[in-house]
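Student: I am new to this structure and would like a close look at a single part of it. Please pick one sheet and walk me through its strands and what lies around them.

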Amino acid sequence: MSAFTAVIDQLINGLTIGIVYVLLAAGLSIIFGVMDVINFAHGELFALGAYFALAVAGVQLLEGLPFHAFWISLLLAPLAVAVVGGGIERLTIRPLYGRNPLYHILLTFGLVLVFKDVIETRCCPPYFLLFRGTSRSSVSLPPMLEGQVALGAGITVATYSVFVIAAGTVVALGTWWALNNTKVGLIVRAGAQDRGMVRHLGIDIDRYYTLVFAFGSALAAVAGIVLAGRQGVFPAMGDSVIIPAFVIVVLGGLGSFRGAVVGGLGVGLIQTMLTSPPVLGEYVPSEELSGVVVFILMIIVLLARPQGLFGNPEWQSSGEEGELLTGSGEGVLGPTWRKRLGIGLVALLALVPLGVGVRYSTYVVDSLLVTMMIWALFALSLDFVLGYAGLVSLGHVLFFGVGAYTSVLVAQGKVAGLFADTPVAALLSVLGYSDSVFLALATGVGVAAVLAWVVGYLSIRVAGVYFAMITLAFAELVRNAVLKLQWAGSTDGLSTADNLDYGIFGQGIGEVGDVVLVEELTIGPVLVIGGEVHLSYYFVLVTVAGSYLLARRMMNAPFGSVLQAIRESEQRAKFLGYDTTAYKRRAFVVSGALAGLAGGLLPITTGIVLSVGPSDLHWIVSGEVIVATILGGMGTLYGPMLGAGLFVGAEELLVEYTDQWQAILGLLFVFFVIFVPRGLVSLPALLDRHLDLDLGGGGGETGADPGPAPEADADREVDD
Amino acid sequence: MSGEDAADPAQGEGGPGDSDTSDRSGDRILSVEELRAGYGETEVLRGVSFDVLDGEVAALVGRNGVGKTTTLRAITGAIPARSGSIRFRGESIIGEDSVATAKRGIGLVPEERRIFPGLTVEENLRMGQLGGSETAHRREVEEVLETFGNLRERRNNRGANLSGGEQQMLAIARALVAGADLLLLDEPTEGLAPLIVESVEDVIREVNDEGISVLLVEQNVAVALDLADHVFVLDRGRIVYSGPAERLEEDGEVLDRHLGVSV
């Protein structure tokens with residue numbers, strides 16, 4: 001193959017992927033533009049399209065038809081997904097209009113879990129071909145789309161690629177035409193610019209939301225089907241495209257169709273040019289760059305032009321963002337009682353090891369409870385910025401994961417290895433650096449804090465949705481870099497049996513996994529402890545409880561008051577003379593450091609073998625910690641910690657009883673986001689008010705519940 | 001809806017109390033009584049009462065932040081009224097949202113114009129055509145393109161590329177295409193050059209001559225006095241003065257005390 005034909009080949013490949021991205025991003029962008037909904041479930045709708053196509057193609061009846069089942073599925077599957085999308089909008093998203101876009105992120109994140117589970121479920125008789133477990137299936141293509149087609153000059157390309165490009169172009173052009181030449185298209189475009197004004201003209205734009213959501217879903221489905229013809233159908237296919245699709249939408253400008261087209265083709269081309277070696281291989285270290293370049297591009301664009309390439313800054317000025325609903329001030333319990341309960345809880349946790357090996361296994365104490373406490377710390381770190389400064393960080397896994405990696409890297413001696421042959425090496429050796437758990441954690445905290453400073457410095461200048469996206473980009477950037485980095489274990493992750501010691505200067509009391517406080521204890525005839533009680537359990541308990549006290553101290557100090565003022569109204573805090581950006585950055589650094597501490601504890605305490613992998617950096621984890629924070633009630637510090645405990649506990653329980661635990665967890669989030677947005681800590685007050693309502697109002701379920709009710713109409717209230 | 005209601009707020013702030021409603025006879029297209037509304041814990045309107053007679057230009061003047069725009073928001077249903085009544089042609093429109101009030105024929109030309117910046121002039125007008133009122137008098141897109149200054153030349157320009165005056169003309173034209181029996185104008189001359197202010201005034205007069213009632217909300221007292229038949233002065237959430245425009249012009253105390261205009 002000559003260099004020229006290789007380039008053409010690459011170009012075709014890039015355009016094929018690019019046009020798929022265009023369809024995906026266009027749907028996402030239109031949905032965001034009109035309704036301000038960031039749809040994380042878009043990737044799952046994409047996958048669902050492919051699965052529906054597979055199901056349609058498998059129907060026996062279609063075999064006698066004169067044309068191939070693929071054509072029918074290309075028509076029917078998007079319709080089916082459109083129905084699903086419309087249903088999602090009606091049932092779950094509609095109750096949330098007017099709330100902060102964060103709640104849509106959360107809601108659709110819950111939906112991702114549900115869809116993933118539904119897709120991966122292997123159930124139902126074989127004639128129902130939707131559910132095929134985790135295996136990859138290929139879509140059978142009509143003969144006319146197979147083989148190669150000659151383009152002349154000795155160049156041949158896969159017929160299917162030409163088909164994908166042609167079909168994608170037709171659909172994209174059709175969408176563009178409809179947006180520009182139909183009544184609905186005009187209303188959709190106007191709505192993306194100023195929803196409130198559309199209403200003032202007497203047009204009930206809410207009626208179009210379902211339609212828009214269904215249409216965007218159908219576009220995703222088409223993208224899924226055409227890509228499945230090339231790559232097959234597999235459960236993770238939604239996962240693999242959703243982040244690039246977000247990058248494209250943000251790059252091009254949220255709500256801009258043109259941006260989706262340019263961004264989609266651009267990202268598709270860049271990705272292929274860098275992943276397949278022949279073209280640029282000699283000049284660019286493409287392997288290392290391929291995963292990260294798109295994210296770097298996105299970060300640069302966002303910093304230079306926060307509204308994206310084609311986004312119009314004026315369009316974003318609608319100021320319709322609803323407030324974040326904190327759990328604070330909602331409690332029925334006074335502070336004294338909360339304090340007592342807190343102390344009680346810590347005391348209870350301290351006593352739990354009594355009973356190990358008698359009432360429950362060591363697993364419960366050393367793994368489950370430890371994980372719960374670590375997640376509680378992680379959620380606490382997020383609440384510090386989310387609940388108090390109003391910063392929606394979608395990239396908190398970055399700090400958590402970096403902390404975890406640091407612990408393992410220190411234990412492996414790799415961190416000390418970096419300084420070999422420098423004067424620092426001697427110092428590290430005297431310190432007993434590679435053996436000390438304290439130094440390892442301190443390093444993790446330090447690295448996370450530095451990273452948080454960098455990320456915060458670069459991203460806190462942009463607000464709201466853009467901040468969420470840019471933090472997501474940073475986290476994905478690091479994850480993709482780690483995937484390529486041999487030193488960090490690339491796709492396999494790292495593991496070592498060489499654990500850290502409780503100690504410093506080479507002196508210590510033993511390895512973290514080994515130090516046992518009591519092995520067996522009988523008081524009188526009663527066996528109280530029947531297994532090993534590890535010091536590590538108390539080490540985590542003290543660290544987490546101490547971190548909470550520290551965080552609370554900071555929030556009660558003037559620093560915390562300023563942060564809360566910023567969350568309530570950044571404008572007013574500015575008028576009072578506070579450098580709000582500086583405050584937010586500082587909070588972000590503290591938060592990153594705490595997340596790094598939580599991450600650092602994870603590998604060293606939960607097993608004999610220390611291990612960490614790229615999944616500890618996956619964006620899903622960022623979503624999970626946000627969910628835990630909301631579940632508990634953000635803006636309270638203790639709420640998110642309870643939420644995290646519940647989250648880990650619920651997962652544990654559900655895994656034990658059902659294979660569909662993800663779906664159940666997902667539905668639980670959806671329920672919480674819609675009905676209890678202020679979290680668990682608001683439940684007592686919520687119930688209280690409901691009971692009052694029932695007594696006074698004749699028992700009828702008249703209004704929405706007290707939590708979300710004030711926001712239900714906010715979309716209209718603040719429409720200019 | 002008796003005439004006295006319009007006068008009673010004058011007692012509120014211990015104003016001069018010289019409101020004059022004796023010549024306020026005729027059908028009321030809009031009457032607002034004891035309206036209270038606000039945002040969150042703040043109550044901006046603390047019992048506002050005024051009315052607009054069919055076919056007149058009424059002006060609601062007041063300084064920054066006294067509740068002028070909030071009044072329009074409450075009328076159009078963009079924010080809920082907490083108490084009081086709002087009647088349009090005698091029918092209560094309390095609790096109706098902005099879609100419903102627009103359909104009744106209450107046209108809004110909002111603060112800062114709020115034309116769709118990414119749509120062309122023609123598309124902005126077609127948005128008016130797609131929505132709006134079925135009962136009110138409506139103008140055709142082509143008709144307003146002809147009659148409104150140079151909108152015709154600009155028909156394919158994006159809204160964002162128009163000058164402030166052109167945007168204002170477009171916002172008014174859009175409301176007329178949507179159809180309005182009562183036009184609510186929120187600071188239509190804000191930020192415009194004097195010459196442009198005059199042409200906007202001319203357009204408002206023309207619109208009124210066709211029989212469309214106008215409620216003009218203004219900070220600029222001169223413009224209000226130029227255009228209005230009757231003027232209401234709003235201060236700190238209450239109407240503190242109500243009278244014919246000619247009389248307010250001579251009332252130095254009201255001008256000075258509530259509007260900060262020295263004479």
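Tutor: What follows is a tour of one sheet in chain B, then a short look at the rest.

Keep in mind that this is a predicted model. Its scores are ipTM 0.90 and pTM 0.81. In chain B the average pLDDT is 86, and 90% of the residues score at least 70. Residues 1-18 of chain B are an exception to trust, with pLDDT below 50. That stretch still has 40 contacts in the model beyond near neighbours in sequence. Where pLDDT is low, the predicted coordinates should not be read in detail.

Now the sheet. It is open and has six strands, all from chain B. Read across, the order is E6-E7-E8-E3-E9-E10. The pairing is mixed. Strands of a sheet pair through backbone hydrogen bonds, either parallel or antiparallel.

Start at the edges. Strand E6 (106-109) and strand E10 (238-244) of chain B stand there. Each has a single partner strand, so one side of each is left without a neighbour in the sheet. Neighbouring strands are turned against each other by 15° on average, direction ignored.

Next, move inward to strand E3 (residues 57-61) of chain B. In the strand order, E3(B) sits between E8 and E9. On one side, five bridges join E3(B) to strand E8 (residues 213-218) of chain B, and the two run parallel. One pair to find is Ala58(B), whose bridge partner in E8(B) is Leu215(B). On the other side, E3(B) pairs with E9(B) over four bridges, again in the parallel sense. Here Val61(B) has Val233(B) of E9(B) as its bridge partner.

Stay with strand E9 (230-235) of chain B. Six of its six residues are buried, so E9(B) is largely enclosed by the rest of the structure. In a regular strand the side chains alternate between the two faces of the sheet. In E9(B), His230(B), Phe232(B) and Leu234(B) lie on one side. Val231(B), Val233(B) and Asp235(B) lie on the other. Both faces are covered, as the residues on each side are all buried. Val233(B) thus appears twice in this tour: it is buried, and it is the bridge partner of Val61(B).

From E9(B), step out to the edge strand E10(B). Six bridges join E9(B) to E10(B), and this pair runs antiparallel. His230(B) stands opposite Pro244(B) of E10(B). The two strands form a hairpin with two residues between them. In the turn, Arg236(B) has a positive phi of about 45°.

Helices lie across the sheet too. Helix H7 (residues 194-209) of chain B lies across E3, strand E7 (182-186) and E8 of chain B. H7(B) runs at about 150° to E8(B). Helix H10 (residues 252-259) of chain B lies across E3, E9 and E10 of chain B. H10(B) runs at about 40° to E9(B). Strand E3(B) is thus crossed by H7(B) and also by H10(B).

Chain B does not stand alone. The contact between the chains takes 26 residues from chain B and 23 residues from chain A. On the chain A side, the elements giving two or more residues are helix H6 (183-193), helix H7 (195-200) and helix H28 (714-717) of chain A. H6(A) gives the most, with six residues. By class, this side has eight nonpolar, five polar and ten charged residues. Take care with part of it: pLDDT stays under 50 over residues 693-720 of chain A.

A few words on chain A as a whole. Its secondary structure comes to 28 helices and ten strands. Of its 720 residues, 52% are buried. Among contacts between residues at least 6 apart in sequence, 78% join residues at least 24 apart. Helix H4 (residues 101-120) of chain A is mostly covered, with 18 of its 20 residues buried. H4(A) reaches 29 Å from its first C-alpha to its last, close to the 28 Å expected at 1.5 Å a residue. The mean pLDDT of chain A is 81, and 87% of its residues reach 70 or more.

Technical notes. Residues are numbered from 1 along each chain as its sequence is written. Chains are lettered from A and ligands numbered from 1 in the order in which they are written. This is a predicted model: local features need pLDDT of at least 70, side-chain atom pairs count only at pLDDT 80 or more; totals for chains, interfaces and linings use all residues. Two residues are in contact if their C-beta atoms, placed from the backbone, lie within 7 Å. Ala, Val, Leu, Ile, Met, Phe, Trp, Tyr, Cys and Pro count as nonpolar, Asp, Glu, Lys and Arg as charged, and the others, Gly among them, as polar. The expected span of a helix is 1.5 Å times one less than its number of residues. A residue is buried if 20 or more other C-beta atoms lie within 10 Å of its own, exposed if 12 or fewer, and partly exposed in between; C-beta atoms are placed from the backbone. pLDDT is the predictor's confidence in each residue, from 0 to 100. Two strands pair if DSSP finds at least two bridges between them. Axes are lines fitted to C-alpha atoms, for helices over the stretch in contact, and angles run from 0 to 180 degrees between N-to-C directions.
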